[in-house]
Amino acid sequence: QVQLVESGGGLVQAGGSLRLSCAASGSIFSIYAMGWYRQAPGKQRDLVATITSSGTTNYADSVKGRFTISRDNAKNMVYLQMNSLKPEDTAVYYCNAAVLPGERLGYVQVWGQGTLVTVSS
């Protein structure tokens, strides 16, 4: 039983910043990759950024240079620092992780419940 809980969403004006956090809890042996995805109303859920346990990152072109993903392996947490926010960034942001549970029987793809980010013009 592994779960992810996001926090840090809210309302900001264009050009502002937010920092999202995601905490993984439960019976966890290791987390191999974590990432952030977002979904606007009526749109598909799209990748924002990912990071592996070794620190390799990748970003969507739309956020590159503005967003930074990072993680704390000891705390099983991942963060998304969002700067220079645009109205187009408005969406529900979801945390995702590829987790090997404590039982070590196989990998589990886990999603958080999402946190809403609204950027006003």
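This section describes the strand pairing, salt bridges and ring contacts of a predicted model.

In the predicted model, one open sheet is built from 4 strands in the order β1-β3-β8-β7, with antiparallel pairing. The edges of this sheet are formed by β1 (2–7) and β7, each of which pairs on one side only, and the twist from one strand to the next averages 15°. Within the sheet, strand β3 (residues 18–26) runs antiparallel to β8 and is joined to β8 by 6 bridges; at one position along this pairing, Cys 22 stands opposite Val 78 in β8. A charged side chain is also found over a ring, in that Arg 19 lies over the face of Tyr 79 at 4.4 Å from the ring centre.

A further set of pairings involves β4, β5, β9, β10 and β11. Strands β4 and β9 run antiparallel and are joined by 10 bridges, among which Gly 35 has Asn 96 in β9 as its bridge partner, while Gln 39 is partnered by Val 92 of β9. β4 also pairs in the antiparallel sense with strand β5 (residues 46–52), over 6 bridges, and here the bridge partner of Trp 36 is Ala 49 in β5. The two strands β4 and β5 form a hairpin with 6 residues between them, and Gly 42 in the turn has a positive phi of about 75°.

Strand β9 is mostly covered, with 10 of its 11 residues buried. Besides its pairing with β4, this strand is joined to β10 by 4 bridges, the two running antiparallel, and Ala 97 has Val 110 in β10 as its bridge partner. In the hairpin that β9 and β10 form, with 6 residues between the strands, a positive phi near 60° is taken by Arg 104. β9 pairs in the antiparallel sense with strand β11 (residues 115–120) as well, over 3 bridges, and in this case Ala 91 is the residue whose bridge partner in β11 is Val 117.

The structure holds 2 salt bridges. In one of them, Asp 89 is paired with Arg 38, and the closest N and O atoms are 2.9 Å apart. Asp 89 lies in the loop between β8 (77–82) and β9 (91–101), whereas Arg 38 belongs to strand β4 (residues 28–39), so the pair ties together parts that are 51 residues apart in sequence. In the other, the side chains of Arg 66 and Asp 89 meet at an N to O distance of 2.8 Å. Because Arg 66 lies in the loop between β6 (57–59) and β7 (67–72) and Asp 89 in the loop between β8 and β9, this salt bridge ties together parts that are 23 residues apart in sequence. Through shared partners, the salt bridges join Arg 38, Arg 66 and Asp 89 into one network. Each member of the network is buried: the relative accessible area is 2% for Asp 89, 14% for Arg 38 and 12% for Arg 66.

The count of aromatic pairs comes to 2. For Tyr 32 and Tyr 107, the ring centres are 4.9 Å apart and the planes stand at 80°, so the pair is edge-to-face. This contact links distant parts of the chain, with Tyr 32 in strand β4 and Tyr 107 in the loop between β9 and β10 (108–111), 75 residues apart. Tyr 32 is partly exposed, with a relative accessible area of 34%, whereas Tyr 107 counts as exposed at 58% relative accessibility.

The rings of Tyr 37 and Trp 111 have their centres 5.0 Å apart and their planes at 65°, so this pair is likewise edge-to-face. Here too the contact links distant parts of the chain, as Tyr 37 lies in strand β4 and Trp 111 in strand β10, 74 residues apart. Tyr 37 is buried, with a relative accessible area of 17%, while Trp 111 counts as partly exposed at 37% relative accessibility. Trp 111 also takes part in a contact with a charged side chain, as Arg 45 lies over the face of Trp 111 at 4.8 Å from the ring centre.

Key
Residues are numbered from 1 along each chain as its sequence is written. This is a predicted model: local features need pLDDT of at least 70, side-chain atom pairs count only at pLDDT 80 or more; totals for chains, interfaces and linings use all residues. Side-chain values use heavy atoms; hydrogens and water are left out. A salt bridge is a side-chain nitrogen of Lys or Arg within 4 Å of a carboxyl oxygen of Asp or Glu. Buried means under 20% relative accessible area, exposed over 50%, partly exposed in between (1.4 Å probe, protein chains only). Two strands pair if DSSP finds at least two bridges between them. Axes are lines fitted to C-alpha atoms, for helices over the stretch in contact, and angles run from 0 to 180 degrees between N-to-C directions. Rings of Phe, Tyr and Trp (its six-membered ring) pair if their centres lie within 6.5 Å; planes under 30 degrees apart count as stacked, over 60 as edge-to-face and the rest as tilted. A charge sits over a ring if NZ of Lys or CZ of Arg is within 6 Å of the ring centre and within 35 degrees of the ring normal.
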